Amino acid sequence: MTKARRAMQEDLKLVDLVMELTDARAPLAGRNPDIDKLAAGKARMIFLNKADLADDQATLAWMDYFRKKGITPIRLDARKTNFKKAVVDGVKIACQEKIERDRPIRAMVVGIPNVGKSTFINSLAGKTAAKTGNKPGVTRGNQWIKIDKQLELLDTPGILWPKFDDEAIGMKLACVGSISDEVLNMQEIAYHLLSYGKANYNQLFEARYGAVPQPDDERDNEIVLWMENIARQRGCLKRGAETDFDKVSAQITDDFRSGRIGKVSLEVPEQA
Ligand code: G4P
């Protein structure tokens, strides 16, 4: 990571404003705490991306949380292309002192993998986007995309590495898909999602998966029984009608990530 980190530190020297993307469903887990040190002295904005998948009430509470920390927050679905005005207005708030200068504000986008950085840059830049990419002869980096007469964006986002020393943070990142699925136990993720859903979004989860079964035997685990029911409904069975836990776990995780269960957030500011 040191090479990526060094490249980002070089890029940061060029900008006035850091636009940090995090996942609206887990805004703290989805940040790298080093960003405060890396971006010291820069104007800051935070984008709660994938807000289309997050619990609206939780997102509003997070907006308040970041405002109190002096960081301008914007909720976002980066796949849409209608947020340029909100961004430009936000930049004016975040860069009040810097805006009166003779050149545009220069900004860069940072965030952990899969949070939506490329989607965001492409949507914001629209058709005017400078095409860099992996084409031969196109040099990387330090190309400025003009967003507005007062705003230029670095074409290459800074990739922050997720921090998940803490198991709970790792689990949230796994749920939203920010850690490669190969390093995860899908059954644990699905088990976590169902337990969390039962405790916090019972109606949404029961609407999708049916009621949580009441165990006849107190040694039985209701979440495992629930998974077995879901597997039966969906035909996730192995030979001999045995539950295919891997298959049903993958489906539950995919349901969550794509919003099919509903708008669910994995953390709220009171826990912060
Ligand atoms: P990155 O550069 O930070 O690594 O992320 P990237 O833009 O590649 O986005 C990662 C995935 O998240 C993409 O989905 C993208 O479409 C999706 N995404 C980005 N922003 C939003 C958002 O606000 N809401 C929702 N619901 N999804 C968002 P993908 O399935 O990996 O790719 P694709 O099939 O959509 O292209």
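Q: How many residues surround the ligand, and which are the closest?
A: Keep in mind that this is a predicted model, where local features need pLDDT of at least 70, side-chain atom pairs count only at pLDDT 80 or more, and totals for chains, interfaces and linings use all residues. Numbering runs from 1 along each chain as its sequence is written, and side-chain values use heavy atoms, leaving out hydrogens and water. A residue is near the ligand if one of its heavy atoms lies within 4 Å of it. The count is 16, and the closest are Asp52, Ala78, Lys117, Ser118 and Thr119.

Q: Which helix gives the most to the shell around the ligand?
A: Helices here are DSSP runs (H or I, at least four residues), numbered from the N terminus. The top contributor spans residues 117–125 and supplies three residues: helix α5.

Q: How far is the side chain of serine 118 from an oxygen atom of the ligand?
A: A polar contact is a pair of N or O atoms within 3.5 Å. The backbone of alanine 78 has an N or O atom 2.8 Å from a ligand oxygen, and for valine 115 the backbone figure is 3.3 Å. For serine 118, a side-chain N or O atom sits at 2.7 Å.

Q: Why is cysteine 175 not bonded to cysteine 236, and how far apart are the sulfurs?
A: A disulfide needs two cysteine sulfur atoms within 2.5 Å, and the structure holds zero of them. Both cysteine 175 and cysteine 236 are buried (under 20% relative accessible area, 1.4 Å probe, protein chains only). The sulfur of cysteine 236 is the closest to that of cysteine 175, yet too far for a bond, at 18 Å.

Conventions: A polar contact is a pair of N or O atoms within 3.5 Å; within protein, one must be able to donate a hydrogen and the other to accept it, and residues adjacent in sequence count only if both atoms are side-chain atoms. Helices (H or I, at least four residues) and strands (E, at least two) are DSSP runs, numbered from the N terminus. Buried means under 20% relative accessible area, exposed over 50%, partly exposed in between (1.4 Å probe, protein chains only).
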